[in-house]
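Work through the following exercises with the sequence and the 3D structure open. Try each task before you read its solution.

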Amino acid sequence: MHETAKYIPDELDRRLIAHLRADGRASLSKLSEALGVARGTVQNRLDRLLKSGTLLGFTARVRDDYNDGTLHAVMMVEVIGKSTTQVIRKLRGLPEIYSLHTTNGNWDLIANIRAASLADFDRVLREVRMIDGVSNSETSLLLSSV
């Protein structure tokens, strides 16, 4: 059985993705004008990027200051043995975990946390520490952007 080759975006695909990152709701007409190609070309490229899994979907981006009451934090997580996959699955289930990354060094994972209150933040910290496979964590609140 032959594996299909992984699709590698070319320069036009990368430009299309960049435009979509700036405006995920841009029309085909607007994208074709910005890229200097026909609408059909944009549609074909979008279809290929979605079908190949290169482009996973479209989402709303919200200004960082949209909800100034939101607490932002970074949590470094150390995982025991080979339980990383299970820990990632559990962390992804917490809605306050905005993004999750693997890393190297002393910490195995880095989680970006957004919580509505200190009580919610405290609850998230407790929930993370209770996950089987989490051996240690260190969290820092983000105070201001500079």
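**Exercise 1.** Which residues in H2 meet which residues in H3?

Solution. The model is a predicted one, in which local features need pLDDT of at least 70, side-chain atom pairs count only at pLDDT 80 or more, and totals for chains, interfaces and linings use all residues. Residues are numbered from 1 along each chain as its sequence is written, and side-chain values use heavy atoms, with hydrogens and water left out.

Step 1. Fix the terms: helices (H or I, at least four residues) and strands (E, at least two) are DSSP runs numbered from the N terminus. Contact means heavy atoms within 4.5 Å.

Step 2. List the residues. From H2 come Leu 28, Ser 29, Leu 31, Ser 32 and Leu 35; they meet Arg 39, Val 42, Gln 43 and Leu 46 of H3.

Step 3. Sort them by class. The contact of H2 with H3 has 5 nonpolar, 3 polar and 1 charged residues. Here Ala, Val, Leu, Ile, Met, Phe, Trp, Tyr, Cys and Pro count as nonpolar, Asp, Glu, Lys and Arg as charged, and the others, Gly among them, as polar.

**Exercise 2.** Describe how H2 and H1 are each placed against H3.

Solution. Two packed helices are described by the angle between their axes and the distance between the axes. Axes are lines fitted to C-alpha atoms, for helices over the stretch in contact, and angles run from 0 to 180 degrees between N-to-C directions.

Step 1. The axes of H2 (residues 28-35) and H3 (residues 39-52) come within 8 Å and cross at roughly 105 degrees. H2 is therefore roughly perpendicular to H3; the class covers 65 to 115 degrees, with angles under 35 roughly parallel, over 145 roughly antiparallel and the rest oblique.

Step 2. For H1 (residues 11-22) and H3, the axes come within 11 Å and cross at roughly 85 degrees, so H1 is also roughly perpendicular to H3.

Step 3. On the H1 side, Leu 12, Asp 13, Leu 16, Ile 17 and Leu 20 meet Thr 41, Val 42, Arg 45, Leu 46 and Leu 49 in H3. These residues divide into 7 nonpolar, 1 polar and 2 charged.

**Exercise 3.** Is Ile 113 buried or exposed? Find its surroundings.

Solution. Step 1. Ile 113 lies in strand S3.

Step 2. Its relative accessible area is 1%, so Ile 113 is buried. Buried means under 20%, exposed over 50% and partly exposed in between (1.4 Å probe, protein chains only).

Step 3. Leaving aside neighbours within four places in sequence, the contacts of Ile 113 include Leu 71, Met 75, Phe 121 and Val 124. Ile 97 is 16 residues from Ile 113 in sequence, and their C-alpha atoms are 4.6 Å apart.

**Exercise 4.** How many helices and strands does the protein have?

Solution. There are 5 helices and 4 strands. Along the sequence they follow the pattern α-α-α-β-α-β-β-α-β.
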